[in-house]
Amino acid sequence: GGADIFLGAIRNRADAGDASALSRAEGTFTVASLPDTLRVVTIVHPNYAAQVAPLTLLPDGRYAPLNVVLTSGGVVEGTFLVDGQAPPYRMHSVAVQHPGQPDAIQVSAKADSSGHFRIAEVRPGTGLVRASFMLDVDRGQTLVQATPVTIDEGVPVHVDFNMTTGEGVVE
């Protein structure tokens, strides 16, 4: 299948709704009518790192052609433990964010029963790996740790989180 093209910036694929276009087999796509306030499109394909691409509005009111090459991205993997054990599945997440680039798509994963996690198709660049563990659902308290990383194409980055309840940043 082709890539989904979303008008504007989206932070999370699940919140994006329906795509505005789908690329054809050769990778091209057309969107018939665009608002002149549009500044970016987000391109998402299940086998590649998502990309937010800037648009250029020409003096004649048309947008300049856009050439985007998706890459396989990088990989972030490691271990996430809370009090020395893997956290309960529904109570945690590990996500890669690109600070200063709020339009980036966030990719995330859950740790397995031994605490290992792997996030593939991460957009290259400077990022922040953020681990969160829900301490108290009723109060909405979450224990958070974050580590800055540099993601390179095809190069795994290893990050370990070992949280202790009662210590650390609570949001």
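A residue counts as exposed when its relative accessible area is over 50% and as partly exposed when the value falls between 20% and that mark. Glu26, at 57% relative accessibility, is therefore exposed. The model discussed here is a predicted one, and Glu26 is a handy place to start, as the residue takes part in a salt bridge with Arg24. The closest N and O atoms of this pair are 3.6 Å apart. Arg24 itself comes out at 39% relative accessibility, so Arg24 is classed as partly exposed.

That pairing has company: the structure holds three salt bridges. Another one joins Arg62 to Asp60, and here the closest N and O atoms sit 2.8 Å apart. With 51% relative accessibility, Arg62 makes it into the exposed class, because the cut-off for that class is anything over 50%.

Arg118 and Glu77 also form a salt bridge, with 3.7 Å between the closest N and O atoms. This pair ties together distant parts of the chain, as the two residues are 41 residues apart. Arg118 belongs to strand β8, which covers residues 116-122, while Glu77 belongs to strand β5, which covers residues 74-82. The two partners also fall into separate accessibility classes: Arg118 is exposed at 52%, whereas Glu77 is partly exposed at 26%.

Strand β8 has another residue worth a look, namely Glu121. Most residues other than glycine have a negative phi. Glu121 is not a glycine, yet its phi is positive, at about 60°. Its relative accessibility is 28%, so Glu121 counts as partly exposed. Asp83 shows a positive phi too, near 55°, and is likewise a residue other than glycine. Asp83 is found in a loop, the one between β5 and β6 (92-97). At 44% relative accessibility, Asp83 is partly exposed.

Next come the pockets. The largest pocket has a volume of about 280 Å³. Its lining is made up of 14 residues, and those closest to the centre are Gly27, Ile43, Val68, Val69 and Leu70. Sorted by class, the lining of the largest pocket has nine nonpolar residues, five polar ones and no charged ones.

The second largest pocket comes to about 230 Å³. The residues lining this pocket include Leu7, Phe29, Val41, Leu55 and Tyr63. Also in its lining are Thr30, Val31 and Leu34, along with the run Ala64, Pro65 and Leu66. Ten of the lining residues of the second largest pocket are nonpolar and one is polar, with no charged residue in the set. Thr30, one of the lining residues, is the polar member, because Thr is not on the list of nonpolar or charged types.

Further along the chain, Val170 sits in strand β12, which spans residues 169-170. What does Val170 contact once its neighbours within four places in sequence are left aside? The answer is Leu135, Gln141, Thr142 and Leu143. With Leu143, the C-alpha atoms are separated by 4.5 Å, even though Val170 and Leu143 are 27 residues apart along the chain. Val170 has a relative accessibility of 43%, so Val170 counts as partly exposed.

Definitions and conventions:
Residues are numbered from 1 along each chain as its sequence is written. This is a predicted model: local features need pLDDT of at least 70, side-chain atom pairs count only at pLDDT 80 or more; totals for chains, interfaces and linings use all residues. Side-chain values use heavy atoms; hydrogens and water are left out. A salt bridge is a side-chain nitrogen of Lys or Arg within 4 Å of a carboxyl oxygen of Asp or Glu. Buried means under 20% relative accessible area, exposed over 50%, partly exposed in between (1.4 Å probe, protein chains only). Helices (H or I, at least four residues) and strands (E, at least two) are DSSP runs, numbered from the N terminus. On a 1 Å grid over the protein atoms alone, a cavity is a set of points where a 1.4 Å probe fits but cannot get out, and a pocket is an open set with protein on both sides within 12 Å along at least five of seven lines; lining residues have an atom within 4 Å of a point. Grid points are joined across faces, edges and corners, and a volume is the space filled by probe spheres set on the points. Contact means heavy atoms within 4.5 Å.
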